[in-house]
Amino acid sequence: MMAQLLSLGLGKIKQPKVIAEVLGGILLGPTAMGRIPGFTEHIFPTQSITYLSLVANVGLCLFLFIVGLEIDGSVIKRNVRSSLFIALSAMTLSFGLGAAISVPLYHNFIPSSVKFTYFMVFTGVSFSITAFPVLCRILTALKLLDTTVGIVVLSAGVCNDVVGWSLLALAVALVNATSGLTALWILLTCVAFTVFLMWPVRIALLWFARFTGSTENGPTMFFMTVAILVFWACSFFTDIVGVNAIFGAFLAGLIVPREGGLAIALTEKLEDMVTIIFLPLYFTISGLNTNLGLLDNGITWGFTFAIICLDFAGKFTACTITARISGMNWRESGTVGSLMSCKGLVELIVLNIGLAAGILTQRVFSMFVFEALVLTFMTTPLVSMLYPPERRVRAVVGGVSRASTGDLDEDKSVRKSPMTEDQPWRSRFTVVLDKFDHMAGMLVATQLVSPPSLESPLVATPRSTASTTASDRMKMPEVSVDALRLIELSDRTSDVMRSSAVDTLIHTDPLLSVFRTFGELNDTPVSLSLSIVPYDDMPGTVADHARRFGSQLLLLPWVSPSSNFGNTNEDLSGPHSPKTELNPFEAFFGGSKHTGKSAAVIHSQFVRRVFAESKTDVALFIDPAGTGTGSARHIFCPFFGGPDDRLALEFVVQVCTNPRMSATVVRMSKSSAESGAVERPSLAHLEEKTSLDIPDLGYQMPVPSNVTYPDTFYGQANTEMRFQSETANNVLWARYANSQLSDDTPSSLSAALSRIKFSEHSSPLPLHSAIQLASVHKPVLVVVGRSRRLAGEDHTSELQQILEERGGAGQDVIRKTIGDPATAFVASGCATAVVVLQASNVY
């Protein structure tokens with residue numbers, strides 16, 4: 001509990017969770033709460049320490065098993081020469097500096113009964129070690145895994161980790177041995193055991209995983225049993241040989257097959273138990289042995305700062321110089337040095353082994369724990385300062401791109417196809433995929449924007465076939481789609497492992513595989529991307545990815561949380577409960593306690609942030625049924641005016657190049673109620689009016705929306721802006737609705753306009769009239785602008801009436817997300833699906 005509370009605050013400044021866990025253990029020890037009279041005697045009595053240490057050591061073995069699972073040998077192969085060069089040079093210099101400072105430390109703080117050689121070796125190992133698990137989490141939190149620095153540091157960290165554990169095993173063997181010959185025997189036995197594990201046992205385990213189907217469907221119960229037995233056997237063997245049991249656990253994790261994501265799946269089954277139960281006990285034991293109150297004089301603090309400075313200087317200097325020699329610039333080299341100086345739990349393990357062996361005193365132990373905390377805390381702010389996002393160099397598959405993210409605007413202008421008045425087609429699309437429930441809607445949305453040649457030939461026009469073909473080939477751009485797969489990154493080890501294995505996951509992820517097959521079947525060029533980021537960073541990741549891809553339209557999904565695939569549960573209200581007719585608005589946006597309200601509201605905040613941060617046109621595909629609604633072949637588009645509605649009209653024209661689609665576009669205007677006795681139109685699907693208790697969704701959010709997810713703010717439009725927007729509305733409407741087709745008109749545009757029926761409608765209640773007009777067609781796809789900026793009409797009062805008629809008053813969160821017209825159509829239930837568009841440029 002102490003660690004969780006501390007991590008909430010430290011997580012805001014992107015500090016790794018291990019700092020909170022170490023601090024939590026220290027606060028429970030004699031440094032803080034141990035000073036309370038009777039606290040330690042009652043909470044951690046002396047007779048309980050033995051049992052706590054036993055359980056903590058079991059958890060430590062499991063943690064080292066997970067660390068072994070986390071290490072992937074293929075990572076080293078990416079930059080084997082530079083990573084080995086950086087890792088070995090850093091360890092050599094750091095070990096030397098540690099050995100140097102061990103001399104005055106030994107004479108001032110270590111009793112003469114301890115051999116100086118043992119103390120020197122442990123000091124050198126603690127200096128040379130790098131916390132690979134913490135390093136992975138920092139790289140992931142700072143989004144550095146796909147950069148050249150991240151790849152080099154990751155591979156160097158693997159090398160450092162393997163060599164460091166080998167050095168620690170040697171140090172433990174020296175301490176436990178009674179003579180030099182015994183130490184040599186222990187070392188040779190461990191080498192032979194390692195070779196035995198890495199070849200016969202590893203190959204046999206891979207064969208067994210394939211035999212049981214674990215590489216295809218995840219670890220079976222039989223394979224899990226065998227893997228745990230191998231883990232305990234390795235730990236037991238290294239312990240009785242004279243090396244700590246954690247080394248056997250580490251080796252057992254290394255030999256588990258990586259094929260088919262088996263190591264990641266095995267980590268998922270173990271990490272919660274280790275993280276929640278075992279590791280906190282280990283941090284508690286470590287904290288009970290740490291007493292920062294012993295740092296009570298100038299000499300002690302002087303040596304503490306000397307340890308910090310020498311440890312950081314050794315890693316930073318060696319890694320910076322070797323990275324610079326390897327071809328990196330000074331900024332990247334300094335970032336590598338800063339990251340490699342990270343400590344964390346790994347150094348705590350080294351220190352606790354030294355303390356248990358009697359080599360370190362409690363004062364020296366506390367000095368080194370303080371040093372590990374300071375260096376780990378320094379890593380994130382130092383890297384953020386040296387390597388800001390605009391300076392980062394992203395690596396690509398098959399090589400390294402030397403263009404930073406700040407230079408990608410040049411690529412954007414080259415990759416984008418120009419849109420003209422005669423051919424306003426968008427050809428580059430980014431499709432966001434986050435879960436299977438959204439796949440059907442995204443496939444339909446992609447099919448809508450695909451070129452008509454994928455469906456069937458265009459309907460012939462009076463123009464000659466030869467000239468038509470030549471003209472359209474010149475002007476019709478080739479459509480390309482980029483599928484962005486989003487995976488939420490948590491603090492779980494398995495998620496961090498996934499983030500470091502993106503190159504493999506991009507070929508095995510089921511959502512991307514489905515979309516790749518869809519592109520192949522439709523002869524559409526599809527590029528695949530995968531991003532594993534924290535949920536709060538997802539909107540910015542989507543907006544930035546669309547910009548870097550040069551996308552002209554960003555397609556977002558939204559499906560009802562109640563429409564889960566494979567859900568065969570009966571009505572949750574019970575067999576004797578009276579059935580209440582729930583409208584699509586309630587089911588979609590969580591008006592019932594059984595519809596996953598919180599998830600829907602959180603997703604609405606994600607959509608709002610994408611709308612706010614995106615510099616690209618955005619299309620939100622709302623799929624209330626969760627089936628994709630591919631049966632809808634008719635489009636209804638109410639044109640109220642404004643930049644979003646103009647984008648919606650252009651979208652409809654592009655979709656209607658498909659000969660299987662038709663559309664009705666109505667220019668809606670609000671008339672005065674006094675101009676004539678106009679009967680109020682009735683809403684569709686209101687045969688039986690029900691009173692539904694739908695509380696304000698904003699109240700259900702776990703975090704206040706005005707703090708974490710601020711509302712989108714748009715500047716006030718002046719008279720000139722409104723006049724320009726109204727002029728643009730008239731020009732666009734005249735171009736499509738009142739245009740006279742000529743021989744110079746491209747055949748694709750002529751064919752599209754021939755399938756669209758344009759009309760104008762004036763009503764004192766335009767939303768009611770639009771809903772009634774859309775209800776004439778079944779099924780119907782409604783395409784509407786978000787109209788949150790420069791809207792032609794204000795529909796607030798009329799929308800409130802519609803929501804009251806449907807029993808859904810107070811849905812301000814939804815109205816702010818998709819706009820007033822779209823909210824009215826979703827609430828009425830007249831649309832099979834709704835596409836909400838927002839334009840990137842306002843004029």
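This is a short tour of a predicted model, giving selections to make in turn and what each one shows.

**The whole chain**

Start with everything displayed. The chain holds 35 helices and twelve strands. Of its 843 residues, 54% count as buried. The exposed area comes to about 35,900 Å², with carbon and sulfur atoms supplying 60% of it. Among contacts with a separation of 6 or more, 84% are between residues 24 or more positions apart.

**Helix α1**

Select residues 2-11, which form helix α1. Its buried residues are A3, S7 and L10. Viewed down the axis of α1, these buried residues fall within an arc of 70 degrees, so they line one face of the helix. Add residues 17-28 (α2) and 362-386 (α18) to the selection: the buried residues of α1 pack against these two helices. Then turn to the face directed away from the buried side, where L5 and L8 are exposed.

**Helix α10 and a nonpolar patch**

Next select L170, L181, L184, L187, L188, V191, V195, W199 and I203, and show their surface. Together they make a nonpolar patch of about 870 Å². Helix α10, residues 180-211, provides the largest share of the patch, with eight residues. One residue to pick out in α10 is V191. V191 counts as partly exposed because its relative accessibility is 46%.

**G248 in helix α13**

Move to residues 245-254, helix α13, and pick G248. Is G248 buried or exposed? With 0% relative accessibility, G248 counts as buried. Apart from neighbours within four places in sequence, G248 is in contact with C234, S235 and T238. For a distance to check in the viewer, take the C-alpha atoms of G248 and A233: they lie 8.0 Å apart, while the two residues are 15 apart in sequence.

**Helix α16**

Select residues 330-340 for helix α16, which is mostly covered, with nine of its eleven residues buried. The buried stretch includes E332, G334 and M340. Now add N329, which caps the N-terminal end of α16. A side-chain oxygen of N329 lies 3.2 Å from the backbone nitrogen of R331.

**Salt bridges**

Side chains of opposite charge can pair when their charged atoms come close. In this model the count is 17 salt bridges. Three of them follow, each as a pair to select.

- Show R492 and D272, whose side chains meet at 2.5 Å, N to O. R492 is in the loop between β4 and α22 and D272 is in helix α14, so the pair ties together parts that are 220 residues apart in sequence. R492 is partly exposed, at 36% relative accessibility, and D272 is also partly exposed, at 33%.
- Show R363 and D296, which meet at 3.2 Å, N to O. R363 belongs to helix α18 and D296 to the loop between α14 and α15, so this bridge ties together parts 67 residues apart in sequence. R363 is partly exposed at 25%, whereas D296 is exposed at 53%.
- Show D617 and R426, which meet at 3.1 Å, N to O. D617 sits in the loop between α27 and β7 and R426 in the loop between α19 and β3, so parts 191 residues apart in sequence are tied together. D617 is buried, with a relative accessible area of 9%, and R426 is buried at 8%.

After these pairs, select E268, D495 and R498, which are joined into one network by salt bridges that share partners.

**Last stop: D820**

Finish at residues 820-828, helix α35, where D820 is found. D820 counts as buried, at 12% relative accessibility. Beyond neighbours within four places in sequence, its contacts are R786, H795, T796, L799 and R815.

Notes
Residues numbered from 1 in each chain as written. Predicted model: local features only at pLDDT ≥ 70, side-chain atom pairs only at ≥ 80, totals over all residues. Heavy atoms only, no water. Patch = residues over 30% accessible without salt bridge, like charges linked within 9 Å, V, L, I, M, F, W, Y side chains within 5 Å. Areas by Shrake-Rupley, 256 points an atom, 1.4 Å probe, with all protein chains shown as cover. Salt bridge = Lys/Arg side-chain N within 4 Å of Asp/Glu carboxyl O. Helix = DSSP H or I, 4+ residues; strand = E, 2+ residues; numbered from the N terminus. Buried < 20%, exposed > 50% of the residue type's maximum accessible area, 1.4 Å probe, protein only. Contact = heavy atoms within 4.5 Å. Polar contact = N/O pair within 3.5 Å; in protein donor to acceptor, adjacent residues only side chain to side chain. Arc of directions from axis to C-beta.
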